[in-house]
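Student: I am new to this structure and would like a close look at one part of it. Please begin with a single side chain and its surroundings, and then lead me outward from there.

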Amino acid sequence: MDVLGDAIGRDRRSSATALRAPATGRSYDYRRFCTNAWKVGNFLRHHGVRSGAGVGIADDPIPEPVLTFYGAALLGAVVRFAPSEDASPRALVVPEPEVDGYHPEPGTKLIAYGNRHENPSVAYFERDIWSENPTQPPDHVGPEDSLVMTDDGSYTHGEILAAAERVVDAEGLGSDDEIAVHGSFSNPGVVAAGLVAPIVAGGAIVLGSESTGDLVVGGPDSDVATDTLLES
C-alpha cells in the first residue's frame with residue numbers, strides 16, 4: 001500500500017467487519033465501509049475538495065468522521081481533526097448542533113451530520129452521501145502528499161501508512177483483530193494506529209472510549225505509544 005486509498009480499494013471489499021460504533025449500534029462490513037468512503041469522496045469532490053485542499057472534521061468517535069477521513073484521503077485532501085471555530089478549510093464536517101459555533105470565511109462548505117440544519121446552505125451528510133456515486137473517485141494521490149495536519153505540522157500518506165504498518169507488525173494484527181480507539185483523532189498517532197492500522201490489517205476499528213478490543217489505542221490504557229508513533 002502506497003496511499004490510504006489503497007486500503008479501501010475494490011479488492012478490499014468483503015463481508016468482514018471493518019468498523020463498529022457500539023454507542024450508536026452501527027456496524028460496517030468492508031463492502032459497505034469502502035463504498036461509503038467512496039461516496040463521501042465523490043460528495044466532497046462535488047463541493048470543490050481537491051488535492052491539497054483542507055477538510056476539517058469533528059473529533060467525534062462515530063462513523064461519519066472516519067468515513068470522511070477516508071473519503072477525503074481519496075482526493076488528496078489534507079484532513080484536520082478538531083478544527084478551530086474560525087477555521088476556513090474547503091469543507092467542514094461537524095455534528096448538526098455544533099454548526100452555528102463555527103464561523104468560516106466564504107468558500108468553506110459546511111456539512112452537518114446527525115440531523116438536517118435549518119440553514120439550507122448547510123449540506124446534510126446522511127441525505128447527500130446516500131445519493132452519491134458508489135465508485136472510487138478518479139483523483140491521483142501520491143505517498144508524498146499530505147494527509148493529516150496538526151498544530152505540529154503535516155504528515156503524508158506515506159508517513160501515516162508506515163506508522164500504521166509498524167503497529168500491525170509489532171502487534172501481529174490480523175483480520176480477526178478489533179482495535180478499540182479511546183484517544184482523540186487530533187493525535188496523528190491515534191489516527192495511524194487506531195483508524196488506519198486496523199484497516200491495513202483487514203481487522204476492525206471499534207469506536208468509543210468504553211469500547212473493548214484486542215488492542216487499545218489512545219487513552220490511559222493505550223497499548224501503543226501514540227504520542228511518539230510518528231517520530232519513529
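Tutor: Let us begin at Asp-177, where a polar atom of the side chain lies 2.7 Å from the backbone nitrogen of Gly-174. Such a pair is a polar contact, defined as N or O atoms within 3.5 Å; within protein, one atom must be able to donate a hydrogen and the other to accept it, and residues adjacent in sequence count only if both atoms are side-chain atoms. The model is predicted, and local features need pLDDT of at least 70, side-chain atom pairs count only at pLDDT 80 or more, and totals for chains, interfaces and linings use all residues. Residues are numbered from 1 along each chain as its sequence is written, and side-chain values use heavy atoms, with hydrogens and water left out.

Asp-177 belongs to the loop that runs between helix H4 (157-171) and strand E10 (178-181). Helices (H or I, at least four residues) and strands (E, at least two) are DSSP runs, numbered from the N terminus. Beyond its neighbours within four places in sequence, Asp-177 is in contact with Gly-172, Gly-203, Ala-204 and Asp-214; contact here means heavy atoms within 4.5 Å.

What is the charge situation of Asp-177? Asp-177 is buried yet has no salt bridge, and Arg-20, the nearest side chain of opposite charge, is 12 Å away. Buried means under 20% relative accessible area, exposed over 50%, and partly exposed in between (1.4 Å probe, protein chains only). A salt bridge is a side-chain nitrogen of Lys or Arg within 4 Å of a carboxyl oxygen of Asp or Glu. For charge, Lys and Arg count as positive and Asp and Glu as negative, while His and the chain ends are not counted.

Arg-20 does have a salt bridge with Glu-178, the closest N and O atoms being 2.9 Å apart. Glu-178 lies in strand E10 and Arg-20 in strand E1 (residues 17-21), so this pair ties together parts that are 158 residues apart in sequence. Glu-178 is partly exposed, at a relative accessible area of 24%, and Arg-20 is also partly exposed, at 24%.

The whole structure holds five salt bridges. One of them joins Glu-64 to Arg-26, with the closest N and O atoms 3.0 Å apart. This pair, too, links distant parts of the chain, 38 residues apart: Glu-64 is in helix H2 (residues 63-75) and Arg-26 in strand E2 (residues 26-29). Glu-64 is buried, with 5% relative accessibility, whereas Arg-26 is partly exposed, with 25%. Arg-127 and Asp-128 form another salt bridge, in which the closest N and O atoms are 2.8 Å apart. Here Arg-127 is partly exposed at 37%, and Asp-128 is buried at 16%.

Further along the chain from Asp-177, Asn-187 occupies the loop between E10 and H5. Asn-187 is buried, with a relative accessible area of 16%. Its side chain reaches the backbone nitrogen of Gly-189 at 2.7 Å and makes a polar contact with the side chain of Thr-226 at 3.4 Å. Apart from residues up to four places away in sequence, Asn-187 touches Thr-226 and Asp-227.

Helix H5 leads to the nonpolar interior. A nonpolar core is a set of buried Ala, Val, Leu, Ile, Met, Phe, Trp, Tyr and Cys residues joined through side-chain atoms within 4.5 Å. The largest such core has 76 residues, of which Phe-33, Phe-69, Tyr-70, Leu-195 and Val-196 touch the most other members. Helix H5 (residues 188-201) supplies the largest share of this core, ten residues. Val-196, leaving aside neighbours within four places in sequence, is in contact with Leu-4, Phe-69, Tyr-70, Ile-160, Leu-161, Ala-164 and Val-191. In soluble globular proteins, nonpolar side chains tend to be buried together.

One more loop residue may be set beside Asp-177 and Asn-187. Gln-136 is found in the loop between helix H3 (125-130) and E8, and is partly exposed at 33% relative accessibility. The C-alpha atoms of Gln-136 and Thr-35 are 8.0 Å apart, although 101 residues separate them along the chain. Not counting residues up to four places away in sequence, Gln-136 touches Gly-5, Ile-8, Gly-9, Arg-10, Trp-38 and Leu-74.
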